[in-house]
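Grab a pencil and open the viewer. Here are a few exercises on reading helices and backbone angles, each with its solution worked through.

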Amino acid sequence: MKRINLALQGGGAHGAFTWGVLSRLLAEEDIEIAAISGTSAGALNAAALKSGWVAGGRQGAIDNLDWLWGQVGAVTDPYFSAWMSTLGPTAQHWAKSLHYSPLYTAVDFTSRLMSPYDFGMAGKNPLASIVDQFHYDKVCGDAGPELHICATNVRSGKIRVFAGDEISSDVILASACLPSLFKAVEFIDPKTGETEAFWDGGYTGNPALFPLFEKHLPDDILIVNINPLYRDALPTDVQSIQNRINEISFNSSLLRELRSIDFVKRLITDGAVPAGSMKDVLVHMIADDALMNDLNVATKTIATPVVLARLRAAGEEAAGAFLAAHKDDLNQQSTVDLADMFS
């Protein structure tokens with residue numbers, strides 16, 4: 001049995017890529033998921049996986065992820081989703097169409113000129129009705145993978161990682177709270193006993209890796225990356241520039257932690273620290289930067305069944321390719337060359 005930890009990025013509707021990755025990984029009977037750290041869409045995926053796993057094992061987790069994304073895309077019939085994926089236009093064509101659609105233009109224009117505090121009830125996060133349906137006795141329970149959800153404390157600017165019975169619908173909504181679209185999520189933080197306000201966890205941990213460094217957890221961290229680290233095209237229009245700023249911002253905390261892992265690994269290799277005093281983390285990554293380069297902020301914001309289905313298929317394909325190339329490397333060695341990444 002190969003034991004791994006998962007680190008699931010946020011990225012709006014592009015989290016459907018992670019849905020596909022997880023579905024493929026769950027089909028591998030000899031891979032055990034020990035712990036998950038998730039932010040924003042990654043937090044939703046993580047909670048759905050754990051709740052389904054506790055209720056019905058691997059198939060229960062797959063079914064619950066299907067339910068989640070059916071709700072996000074307002075499509076509950078898997079046959080309809082498959083039909084749309086087969087006959088609909090490519091995700092890239094949808095991205096261009098949505099980019100110039102009146103709906104997205106209105107959302108983008110409004111978010112630049114108005115605060116969500118001006119919207120009244122219209123500013124309510126539409127994910128609330130979905131997140132409220134999670135079974136929190138299972139999400140917060142001891143069975144199944146450990147779960148860590150990341151949010152950003154608005155006042156302190158610090159990351160807050162929630163785990164165990166600290167997790168609630170408010171915590172998951174906080175992890176997915178973009179401040180340009182939604183009011184900060186406020187609730188009593190169990191750690192401080194004070195009412196705290198939270199925004200999207202992507203600003204401080206997308207996702208946080210450090211909760212997965214604990215000694216009782218496996219060395220392997222598999223990151224599902226949905227914000228492209230590199231973009232070929234130089235953004236020149238307002239929306240593309242803003243999108244790239246968000247991608248860079250949402251990747252910065254991840255890159256900082258990966259740089260720290262690289263530093264520790266060099267200390268261990270050089271014998272500069274006592275053996276066993278620091279964890280030698282094995283890093284893996286599943287991503288599809290080519291696809292994400294063809295998508296845009298509109299496809300993150302507006303969840304359409306065609307794009308969700310294509311993202312899921314791409315995630316399954318990427319996970320399959322990773323397993324074919326690197327499954328034997330799990331619990332043996334890193335498959336991400338950190339030295340090359342930061343050279």
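The exercises below use this model, which is a predicted one.

**Exercise 1. Work out how the end-to-end span of H9 compares with the expected span.**

Solution. Start with the length: helix H9 covers residues 238–269, which is 32 residues. At 1.5 Å a residue, those should span 46 Å. Now check the ends: the end C-alpha atoms of H9 are 45 Å apart, so the span agrees with the expectation. H9 still has a kink of about 35°, centred on Ser252. Just past the end of H9, look at Gly271, where phi is positive at about 70°.

**Exercise 2. Do the same for H2, and find where the helix bends.**

Solution. H2 also runs for 32 residues, and a straight helix would reach 46 Å at 1.5 Å a residue. The end C-alpha atoms of H2, though, are only 11 Å apart. Next, find the bend: H2 turns by about 140° at Gly56. Then step back to the loop between strand S2 (31–39) and helix H2 (41–72), where Ser40 sits. Ser40 has a phi near 55°, which is positive even though the residue isn't a glycine.

**Exercise 3. Classify the packing of H1 against H2: what angle do the two helices make, and which residues touch?**

Solution. The angle between H1 and H2 is about 155°, and their axes are 8 Å apart. Angles over 145 degrees count as roughly antiparallel, so that is the label for H1 and H2. The crossing is left-handed. On the H1 side, the contact includes Trp19, Leu22 and Leu26, while H2 brings residues including Trp53, Ile62 and Trp69. Sort the contact by class and you get eleven nonpolar, three polar and two charged residues.

**Exercise 4. Now classify H1 against H12.**

Solution. Helix H1 (residues 16–26) packs on helix H12 (residues 305–326) at an angle of about 45°, with the axes 6 Å apart. That value is neither under 35 degrees nor in the 65 to 115 range, so H1 and H12 are oblique to each other. Their crossing is right-handed. Among the residues in contact are Phe17, Gly20 and Arg24 of H1, and Leu311, Gly315 and Glu316 of H12. By class, this contact has eleven nonpolar, four polar and three charged residues.

**Exercise 5. Is the peptide bond from Asn206 to Pro207 cis or trans, and where is Pro207 found?**

Solution. Read omega for the bond from Asn206 to Pro207: the value is near -10°, and the bond is cis. Then place the proline on the chain: Pro207 falls in the loop that links strand S6 (195–200) and strand S7 (220–224).

Note on methods
Residues numbered from 1 in each chain as written. Predicted model: local features only at pLDDT ≥ 70, side-chain atom pairs only at ≥ 80, totals over all residues. Heavy atoms only, no water. Helix = DSSP H or I, 4+ residues; strand = E, 2+ residues; numbered from the N terminus. Expected span 1.5 Å × (residues − 1). Bend = angle between axes of the 7 residues up to and from the residue. Axes fitted to C-alpha atoms, helices over the stretch in contact; angles between N-to-C directions. Left-handed = near helix turned anticlockwise from the far one by under 90°. Contact = heavy atoms within 4.5 Å. Nonpolar A, V, L, I, M, F, W, Y, C, P; charged D, E, K, R; others polar.
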